Amino acid sequence: MSKRSTSNRPPISDPNPPDVLDPDLRIDPDRWNSIKDLASRWTESDEIPAIAICVGRGDRSTGVQPFGRLQLDSTDSPLRPDSIFLVASLTKPLVAMAALRLVEQGKLCLNDRVTSLIPKFKGPQRYSVTLRHLLTHTSGLPDQLSDNRELRANQTPLRGFVEKTCQVKLTFPPGRGVQYQSMGYLLLGEIIEQVSGQTCAEFLRDEFFRPLAMHDTALGAPDDWYSSDSPKIERLAEIRIPDDRSDPSWNWNSRYWQTLGAPWGGLLTTAGDLGKYCRMMLAHGHYRGHQVISRASIDRATRNQLESLRDVPEDDRRCKPWGFGWRLNWPAHSANFGDLTSPRAFGHWGATGTLMWMDPERDLWAVILTTQPQEPHGTYLARLSNMIAAAFL
């Protein structure tokens, strides 16, 4: 790969000056500079095309720190603080919280059967699948459909994915195992639509993104992101696509995928917007005078929900805990989250090279968005996470 521009400063003003640290953050300035130096070196060497970092303590933030470039083949497109990223599976916990919002409203219960909400979801063992199973990756549904590539190549709408998922064979009886399952979150999106009368994207917008002033966030890019005088899509950071996903008609950089609004991985957002979401979660659902979601929902969503599923293997319950949508801190597991967050930390990662975590024990949060896919180990993300956790006093 060729070397790119070393410039990482955007040609626009930043309302949170990147070189001025709020003393109330209680962050070691030398360690913080080391974090920025490492991110700069990675983008200058082209190991990662772009990185945006935003970290904070409570309601205090470093502001968004942008490094690298917006477009892969352009040396004249420095990343900006308001650059937009496709964050992949960071979508899942936000969809989970949307489902819990409906629980708060008395429209759902966690033990509601999926087949009662999606009548097409019929077949062996399906009657026992509940909303709780979808939220905790214990439904037995697959991560992706076997014909996932063909569906994308044919520009299949979400409805086609739902119909296929309603027919797929379960890998194991619900509640008897843990298997990361994007298709479970597809069904959660469908349930949100059936119960609320809005699409999942509309429900997230009205219940979360607008109250949180997340103005550059959407589940699937709406048409006006492309057609306005200053289209937001021009701020979207281009992802370095792995060779096995290189088809431009359906890969992460395609308009098809940008607009699909997949409930398992179609969120477009900025580091600053996700920082607002993190603050809300650590403030027990409160944000600038508005109770976005209840403290009760957050408390439940961020506790180990596998403990109560007695047929889940004991090693999974103890060593790989899940909340509702949120991956909790797995002991003896460095991938993505790193090693230095507390046992109470929770968050999620995304296949496009993205990460967010919150640590209520220390009132810390971090958002790291890149355009370099890093699964399964998230090595770059884990190293930055360790440095960030260590930088706070």
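Is Thr270 buried or exposed? Select Thr270 to find out, keeping in mind that this is a predicted model. Thr270 has a relative accessibility of 4%, and since anything under 20% is called buried, Thr270 counts as buried.

**Stop one: around Thr270.** Now show the neighbouring backbone. Thr270 sits in a loop, with strand S6 (267-269) on one side and helix H11 (271-282) on the other. Next, add the residues that Thr270 touches: leaving aside those up to four places away in sequence, they are Asp82, Ser83, Ile84, Asp216, Thr217 and Leu369.

**Stop two: Thr62.** Move on to Thr62, which is found in the loop that runs between strand S2 (60-61) and strand S3 (65-68). Thr62 also counts as buried, because its relative accessibility is 2%. While you are here, select Gly272 as well and draw a distance between the two C-alpha atoms: Thr62 and Gly272 are 210 residues apart along the chain, and the separation is 9.9 Å.

**Stop three: a pair of helices.** Finally, select helix H6 (residues 158-165) together with helix H7 (residues 182-196). Their axes come within 10 Å and cross at roughly 115°, which means that H6 is roughly perpendicular to H7. This crossing of H6 and H7 is left-handed.

To see what makes the contact, show side chains on both helices. H6 brings Leu158, Arg159, Phe161, Val162 and Thr165, while H7 brings Met183, Leu186, Leu187, Glu190 and Glu193. Try colouring them by class: the contact of H6 with H7 has six nonpolar residues, one polar residue and three charged residues.

Terms used. Residues numbered from 1 in each chain as written. Predicted model: local features only at pLDDT ≥ 70, side-chain atom pairs only at ≥ 80, totals over all residues. Heavy atoms only, no water. Helix = DSSP H or I, 4+ residues; strand = E, 2+ residues; numbered from the N terminus. Buried < 20%, exposed > 50% of the residue type's maximum accessible area, 1.4 Å probe, protein only. Contact = heavy atoms within 4.5 Å. Axes fitted to C-alpha atoms, helices over the stretch in contact; angles between N-to-C directions. Parallel < 35°, antiparallel > 145°, perpendicular 65-115°, else oblique. Left-handed = near helix turned anticlockwise from the far one by under 90°. Nonpolar A, V, L, I, M, F, W, Y, C, P; charged D, E, K, R; others polar.
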